[in-house]
Amino acid sequence: MANPTAIVRAPGQSFIQAISKHPEAKAIDFDLAKTQHKAYVLALQSADTNITFLETIESFPDGVFVEDTTVILKNRALICRMKETTRQGEIDSAIPVLKKFLPLDYLDPPATLDGGDVLDTGETIFVGLSERTNQEGIDALSAICSKPVVPIEVLQGLHLKSAVSFLGGKLLIIDPLSVDPQHFPGFETIMVQEDERYAANCLTIWHKVFMPAGFPRLAREICNRGLQPVELEMSEFEKADGGVTCLSLIIPAIPA
Ligand code: CIR
C-alpha cells in the first residue's frame, strides 16, 4: 500500500487576520502558529504520510486551512467554491499542484461548498448544510460521486467536520450539540462532552488519531477503541476557528 499524501500550506504573517468568531481571534500569536504548524507536519510524517507544501500566500489570511479548498474523491477532486469571498482566491495556487495528483472538477455559482463540510465515511459521504455550504453545492457534489451523498444540518459551529470525525470502520466522534447523532444510523459513536467540543474534529491516518491536546476523556475513549491518539497543540488555529483536519488535504493511500 502506497503512503497517503498530505497537502499543506504554512501560515503567512497575515494569518493573524483570519476570519474568526472566536473570542481570542485578535490574540493569534503568529510565531506560535508557525511552530504548531511545523509540529503538525512532523506528526503526519510520523504516520508515514508524504507531505506536499503549497506556497504560503500573504494575500489570503485563511490560506493555511487548505481542507476547505478541495474535496478529494476516489479518482478525482472537486475544487470548492467557497462562500467567503476573501477565501475564493486561495485555490489558484493549489490547482497546478492538485492537477499532478488527480483530474479536477469545478463548481458553478450559485453552488457554495467548503471541504470542511464533506465527511467521507467510506460507503457514504455526509455533507454539512452549513453557514458555508448550500444545497446547490451538495447537489453538484452528489452528481459526480459514485457513493450516496447525505446532507446533514449543522446546528452550531462552522462546518460538519468541526462536529463529526470518521475514525475508520463504523466509528464516529460526534458533538451532539452541533449535529443530531440520529443522522448516522449504523455507526458506533463516541460523543464528546460539552467541555471537549473542540476535540470533535480529529484526523485519522492508519491507526493514529490526530487530535487537539488537552482533552483527556476523548483521548481515553480513542485508546479504548484500539486506536492511538496523537495530541497536537492547536491553540492558534482554534483562535481562527480551525481544527486538525482543516490544515491538510489528504490524498489517501493507494492499494498496491
Ligand atoms: C474560516 O472561517 O474560513 C477559517 N477561519 C476557518 C476554517 C476552518 N476550516 C475547516 O474547519 N475546515
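**View 1. Here are the residues around the ligand in this predicted model.** The ligand is surrounded by 14 residues. The closest of them are I19, D62, D68, R87 and C246, so look for these five names when you find your way into the site.

**View 2. Polar atoms of I19, A240 and R132 meet the ligand.** Start with the backbone: a polar backbone atom of I19 sits 2.6 Å from a nitrogen atom of the ligand. A240 also takes part through its backbone, with an N or O atom 2.8 Å from a ligand nitrogen. R132 uses its side chain instead, placing an N or O atom 2.8 Å from an oxygen atom of the ligand. How much of the ligand does the protein bury? Of the 350 Å² that the ligand exposes when taken alone, 98% is buried by the protein.

**View 3. Now turn to the largest nonpolar core, which has 41 residues.** Within this core, F15, I173, F210 and L218 have the most contacts. Several elements each supply at least two of the core's residues, among them strand 1 (5-9), strand 10 (171-174), strand 13 (208-212) and helix 4 (216-224). Which helix gives the most? Helix 1 does, with five residues.

**View 4. A close-up of L218 shows its contacts from elsewhere in the sequence.** Setting aside neighbours within four places in sequence, L218 touches I173, I190, V192, E196, A199, C202 and M211. I173 appears here as a contact of L218, and I173 is also listed among the core residues with the most contacts.

**View 5. A second nonpolar core stands separate from the largest one.** This core has 15 residues, including I91, A94, L98 and L102.

Key:
Residues numbered from 1 in each chain as written. Predicted model: local features only at pLDDT ≥ 70, side-chain atom pairs only at ≥ 80, totals over all residues. Heavy atoms only, no water. Core = buried A, V, L, I, M, F, W, Y, C linked by side-chain atoms within 4.5 Å. Buried < 20%, exposed > 50% of the residue type's maximum accessible area, 1.4 Å probe, protein only. Helix = DSSP H or I, 4+ residues; strand = E, 2+ residues; numbered from the N terminus. Contact = heavy atoms within 4.5 Å. Near = heavy atom within 4 Å. Polar contact = N/O pair within 3.5 Å; in protein donor to acceptor, adjacent residues only side chain to side chain. Areas by Shrake-Rupley, 256 points an atom, 1.4 Å probe, with all protein chains shown as cover.
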